[in-house]
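Reader: Please take one part of this model and go through it closely. I would like the salt bridges, and then whatever else in the chain can be described around them.

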Amino acid sequence: MGKKWWWLLFLLCFGSVISDDNEDYSAESEDDAKVYKNPRNSPSVECPRDEEHAEFIGQKCLRKCSNDEDCKSKKKKCLCDGVCGMSCIKPERECADLQSPSLGSVTLSGRLFGDSATYTCDPGYHLVGLKERTCRGDGEWTGAPAQCRHNVFCKEPQEIPHARHNALPQQTTFPLDTELQYQCHLGYTTKGFPTAKCLALDKSASWFGPDITCEPKSCGT
(Lines give C-alpha, C1' and ligand atoms only; values in the text may rest on other atoms or scores of the structure.)
Protein backbone atom coordinates (compact mmCIF):
# COMPACT_ATOMS: atom_id res chain seq x y z
CA MET A 1 0.00 0.00 0.00
CA GLY A 2 1.43 3.41 -1.00
CA LYS A 3 2.15 6.34 1.29
CA LYS A 4 -0.96 8.18 0.05
CA TRP A 5 -3.21 5.36 1.20
CA TRP A 6 -1.55 5.24 4.62
CA TRP A 7 -1.98 9.00 4.99
CA LEU A 8 -5.63 8.85 3.94
CA LEU A 9 -6.29 6.02 6.38
CA PHE A 10 -4.61 8.02 9.18
CA LEU A 11 -6.80 11.07 8.53
CA LEU A 12 -9.98 8.99 8.44
CA CYS A 13 -9.19 7.28 11.75
CA PHE A 14 -7.69 10.10 13.80
CA GLY A 15 -8.66 13.35 12.11
CA SER A 16 -11.98 13.67 13.94
CA VAL A 17 -10.30 13.01 17.31
CA ILE A 18 -7.76 15.78 16.72
CA SER A 19 -10.54 18.14 15.65
CA ASP A 20 -12.63 17.35 18.76
CA ASP A 21 -9.64 17.91 21.05
CA ASN A 22 -8.99 21.30 19.49
CA GLU A 23 -12.64 22.30 19.89
CA ASP A 24 -12.66 21.23 23.56
CA TYR A 25 -9.48 23.19 24.24
CA SER A 26 -10.94 26.26 22.54
CA ALA A 27 -14.17 26.02 24.56
CA GLU A 28 -12.23 25.68 27.83
CA SER A 29 -10.10 28.71 26.96
CA GLU A 30 -13.17 30.82 26.22
CA ASP A 31 -14.86 29.63 29.42
CA ASP A 32 -11.79 30.51 31.51
CA ALA A 33 -11.85 34.02 30.07
CA LYS A 34 -15.51 34.65 30.94
CA VAL A 35 -16.47 37.21 33.56
CA TYR A 36 -19.74 35.96 35.02
CA LYS A 37 -22.30 38.72 35.43
CA ASN A 38 -24.87 36.35 36.91
CA PRO A 39 -23.72 35.61 40.49
CA ARG A 40 -25.51 32.25 40.48
CA ASN A 41 -22.91 31.05 37.97
CA SER A 42 -20.00 31.72 40.30
CA PRO A 43 -20.86 30.77 43.91
CA SER A 44 -18.28 31.55 46.57
CA VAL A 45 -16.50 28.63 48.20
CA GLU A 46 -15.12 30.79 51.02
CA CYS A 47 -18.49 32.41 51.80
CA PRO A 48 -21.33 30.09 50.68
CA ARG A 49 -24.97 31.21 50.69
CA ASP A 50 -27.59 29.25 52.62
CA GLU A 51 -30.89 31.14 52.37
CA GLU A 52 -32.85 28.32 54.01
CA HIS A 53 -30.68 28.46 57.14
CA ALA A 54 -30.71 32.27 57.11
CA GLU A 55 -34.51 32.28 57.18
CA PHE A 56 -34.46 29.65 59.94
CA ILE A 57 -32.30 31.85 62.22
CA GLY A 58 -34.15 35.05 61.29
CA GLN A 59 -31.61 36.73 59.01
CA LYS A 60 -32.75 38.64 55.93
CA CYS A 61 -30.52 37.97 52.92
CA LEU A 62 -29.81 40.81 50.52
CA ARG A 63 -29.09 40.59 46.78
CA LYS A 64 -26.51 37.90 45.99
CA CYS A 65 -23.36 38.86 44.12
CA SER A 66 -19.94 37.72 42.98
CA ASN A 67 -18.37 41.20 42.69
CA ASP A 68 -19.26 44.87 43.11
CA GLU A 69 -20.55 45.07 39.52
CA ASP A 70 -23.47 42.82 40.46
CA CYS A 71 -24.79 45.46 42.86
CA LYS A 72 -27.17 48.01 41.32
CA SER A 73 -26.18 50.84 43.66
CA LYS A 74 -22.68 52.30 43.61
CA LYS A 75 -23.01 52.76 47.37
CA LYS A 76 -23.14 48.98 47.87
CA LYS A 77 -20.24 46.52 47.93
CA CYS A 78 -20.14 42.76 47.41
CA LEU A 79 -19.21 41.47 50.88
CA CYS A 80 -19.54 38.27 52.92
CA ASP A 81 -22.66 38.44 55.12
CA GLY A 82 -22.48 35.27 57.22
CA VAL A 83 -24.85 32.48 56.17
CA CYS A 84 -26.26 34.77 53.45
CA GLY A 85 -22.95 34.50 51.61
CA MET A 86 -21.65 37.16 49.24
CA SER A 87 -24.26 39.94 49.24
CA CYS A 88 -24.69 43.54 48.13
CA ILE A 89 -24.05 45.47 51.35
CA LYS A 90 -24.28 49.19 52.10
CA PRO A 91 -21.19 49.55 54.34
CA GLU A 92 -22.38 52.75 56.04
CA ARG A 93 -25.71 51.27 57.15
CA GLU A 94 -25.89 51.33 60.96
CA CYS A 95 -27.09 48.73 63.43
CA ALA A 96 -29.03 49.94 66.47
CA ASP A 97 -27.26 51.00 69.65
CA LEU A 98 -27.18 48.30 72.35
CA GLN A 99 -27.94 48.52 76.06
CA SER A 100 -25.66 46.94 78.63
CA PRO A 101 -27.08 43.87 80.37
CA SER A 102 -27.99 44.03 84.03
CA LEU A 103 -24.86 43.29 86.09
CA GLY A 104 -22.63 43.63 83.04
CA SER A 105 -21.59 45.80 80.11
CA VAL A 106 -21.35 45.81 76.32
CA THR A 107 -18.56 47.40 74.29
CA LEU A 108 -19.07 48.33 70.63
CA SER A 109 -16.25 48.53 68.10
CA GLY A 110 -18.73 50.52 65.99
CA ARG A 111 -22.22 50.17 64.56
CA LEU A 112 -21.48 49.64 60.87
CA PHE A 113 -21.45 46.39 58.89
CA GLY A 114 -18.94 43.93 60.34
CA ASP A 115 -18.48 45.82 63.62
CA SER A 116 -18.76 43.83 66.83
CA ALA A 117 -20.42 44.11 70.24
CA THR A 118 -18.63 42.36 73.13
CA TYR A 119 -20.39 41.51 76.41
CA THR A 120 -18.80 41.13 79.84
CA CYS A 121 -20.26 40.47 83.30
CA ASP A 122 -19.49 41.80 86.75
CA PRO A 123 -17.37 39.57 89.04
CA GLY A 124 -19.33 36.60 90.38
CA TYR A 125 -21.68 36.39 87.39
CA HIS A 126 -21.59 34.22 84.28
CA LEU A 127 -22.16 35.44 80.75
CA VAL A 128 -25.11 33.57 79.26
CA GLY A 129 -25.56 33.89 75.50
CA LEU A 130 -23.25 35.16 72.79
CA LYS A 131 -20.09 36.84 74.04
CA GLU A 132 -19.78 38.71 70.75
CA ARG A 133 -22.39 39.85 68.23
CA THR A 134 -21.79 41.20 64.73
CA CYS A 135 -23.57 43.93 62.75
CA ARG A 136 -25.15 42.22 59.71
CA GLY A 137 -25.90 43.56 56.26
CA ASP A 138 -29.63 43.89 57.04
CA GLY A 139 -28.88 46.34 59.86
CA GLU A 140 -29.48 43.83 62.67
CA TRP A 141 -27.10 42.33 65.23
CA THR A 142 -26.49 38.58 65.16
CA GLY A 143 -28.15 36.58 67.91
CA ALA A 144 -29.90 37.93 71.01
CA PRO A 145 -28.59 40.17 73.82
CA ALA A 146 -26.44 38.31 76.35
CA GLN A 147 -27.40 38.13 80.03
CA CYS A 148 -25.42 37.98 83.26
CA ARG A 149 -26.61 35.24 85.61
CA HIS A 150 -25.56 33.09 88.54
CA ASN A 151 -24.97 29.41 87.85
CA VAL A 152 -28.47 28.57 86.58
CA PHE A 153 -28.35 28.35 82.79
CA CYS A 154 -28.33 25.73 80.06
CA LYS A 155 -25.27 24.66 78.15
CA GLU A 156 -25.16 23.47 74.53
CA PRO A 157 -28.34 21.68 73.38
CA GLN A 158 -28.21 18.11 72.15
CA GLU A 159 -27.29 17.28 68.59
CA ILE A 160 -29.83 15.38 66.50
CA PRO A 161 -28.53 13.32 63.54
CA HIS A 162 -29.29 15.03 60.21
CA ALA A 163 -30.80 18.10 61.95
CA ARG A 164 -29.84 21.59 63.10
CA HIS A 165 -31.31 24.15 65.48
CA ASN A 166 -31.76 27.90 65.08
CA ALA A 167 -29.08 29.05 67.56
CA LEU A 168 -25.81 30.40 66.25
CA PRO A 169 -22.94 27.88 66.48
CA GLN A 170 -20.84 30.31 68.55
CA GLN A 171 -23.37 30.29 71.39
CA THR A 172 -22.62 27.73 74.11
CA THR A 173 -24.76 29.00 77.03
CA PHE A 174 -28.46 29.85 77.14
CA PRO A 175 -30.66 31.63 79.72
CA LEU A 176 -33.71 30.05 81.30
CA ASP A 177 -36.85 29.88 79.14
CA THR A 178 -34.85 29.90 75.90
CA GLU A 179 -36.67 28.00 73.17
CA LEU A 180 -34.88 26.47 70.20
CA GLN A 181 -36.44 25.06 67.06
CA TYR A 182 -34.95 22.06 65.25
CA GLN A 183 -35.16 21.39 61.53
CA CYS A 184 -34.06 18.34 59.55
CA HIS A 185 -31.60 18.80 56.72
CA LEU A 186 -32.70 18.94 53.11
CA GLY A 187 -33.73 15.49 51.94
CA TYR A 188 -35.06 14.42 55.36
CA THR A 189 -38.53 14.56 56.92
CA THR A 190 -38.99 15.90 60.47
CA LYS A 191 -41.07 13.63 62.69
CA GLY A 192 -41.89 14.38 66.32
CA PHE A 193 -41.67 17.45 68.58
CA PRO A 194 -39.06 19.91 67.20
CA THR A 195 -38.83 22.34 70.17
CA ALA A 196 -36.30 22.41 73.02
CA LYS A 197 -36.73 24.65 76.09
CA CYS A 198 -34.29 25.55 78.86
CA LEU A 199 -36.01 25.00 82.23
CA ALA A 200 -34.91 25.14 85.87
CA LEU A 201 -34.91 21.92 87.87
CA ASP A 202 -33.56 21.55 91.45
CA LYS A 203 -31.41 24.71 91.31
CA SER A 204 -29.97 23.73 87.95
CA ALA A 205 -31.09 24.06 84.35
CA SER A 206 -31.68 21.45 81.66
CA TRP A 207 -33.02 21.20 78.15
CA PHE A 208 -36.41 19.58 77.72
CA GLY A 209 -36.90 18.40 74.15
CA PRO A 210 -36.65 18.03 71.30
CA ASP A 211 -38.09 14.62 70.52
CA ILE A 212 -37.61 14.24 66.78
CA THR A 213 -36.16 11.90 64.22
CA CYS A 214 -35.05 12.76 60.70
CA GLU A 215 -36.03 10.15 58.16
CA PRO A 216 -34.78 10.15 54.56
CA LYS A 217 -37.41 11.21 52.06
CA SER A 218 -38.40 8.53 49.59
CA CYS A 219 -38.42 9.19 45.85
CA GLY A 220 -41.52 11.05 44.73
CA THR A 221 -42.20 12.75 48.09
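Author: Start with the pair E179 and K197, which form a salt bridge whose closest N and O atoms are 3.8 Å apart. E179 lies in strand β9 (residues 179-184) and K197 in strand β11 (residues 195-201), so the bridge ties together parts that are 18 residues apart in sequence. Both ends can be reached from outside to some degree: E179 is partly exposed, with a relative accessible area of 46%, and K197 is partly exposed as well, at 29%. The model is a predicted one, and the distances here should be read with that in mind.

This bridge is one of 7 salt bridges found in a search of the whole structure. Another joins R164 to E52, again with the closest N and O atoms 3.8 Å apart. Here the residues are 112 apart along the chain, R164 being in strand β8 (residues 163-165) and E52 in helix α2. E52 counts as partly exposed, since its relative accessibility is 36%. The pair does not stand by itself, for D50, E52 and R164 are linked in a network of salt bridges.

E51, the residue before E52 in the numbering, has a salt bridge with R49, at 2.8 Å from N to O. E51 is partly exposed at 42% relative accessibility, and R49 is also partly exposed, at 26%.

Helix α2 covers residues 51-57 and also holds A54. In contrast to the partly exposed E52, A54 counts as buried because its relative accessibility is 0%. The C-alpha atom of A54 is separated by 5.9 Å from that of V83, a residue 29 positions away along the chain.

Charged side chains also appear in another setting. K60, K75, K76, K90 and R93 gather on the surface in a patch of positive charge. Of these, K90 is found in the loop between β2 (86-89) and β3 (104-108), and a relative accessible area of 36% makes K90 partly exposed. K60 has a further contact through its backbone: the nitrogen lies 3.3 Å from a polar atom of the D138 side chain. D138 sits in the loop between β6 (132-134) and β7 (147-149) and is buried, at 9% relative accessibility. The side chain of D138 is also joined to that of R136 by a polar contact of 2.9 Å.

Some points of backbone geometry remain. Most residues other than glycine have a negative phi, and most peptide bonds are trans. L103 has a phi near 70°, a positive value in a residue that is not glycine. L103 is placed in the loop between β2 and β3, the loop in which K90 is also found, and is partly exposed at 36% relative accessibility. D177 likewise has a positive phi, of about 75°, without being a glycine. The place of D177 is the loop between β8 and β9, and D177 is exposed, with a relative accessible area of 54%. Strand β8 is where R164 lies, and strand β9 contains E179. Finally, the peptide bond from G209 to P210 is cis, with omega near 0°. P210 is found in the loop between β12 (204-208) and β13 (211-216).

Definitions and conventions. Residues numbered from 1 in each chain as written. Predicted model: local features only at pLDDT ≥ 70, side-chain atom pairs only at ≥ 80, totals over all residues. Heavy atoms only, no water. Patch = residues over 30% accessible without salt bridge, like charges linked within 9 Å, V, L, I, M, F, W, Y side chains within 5 Å. Areas by Shrake-Rupley, 256 points an atom, 1.4 Å probe, with all protein chains shown as cover. Salt bridge = Lys/Arg side-chain N within 4 Å of Asp/Glu carboxyl O. Lys, Arg positive; Asp, Glu negative; His and termini not counted. Charge placed at Lys NZ, Arg CZ, Asp CG, Glu CD. Helix = DSSP H or I, 4+ residues; strand = E, 2+ residues; numbered from the N terminus. Buried < 20%, exposed > 50% of the residue type's maximum accessible area, 1.4 Å probe, protein only. Polar contact = N/O pair within 3.5 Å; in protein donor to acceptor, adjacent residues only side chain to side chain.
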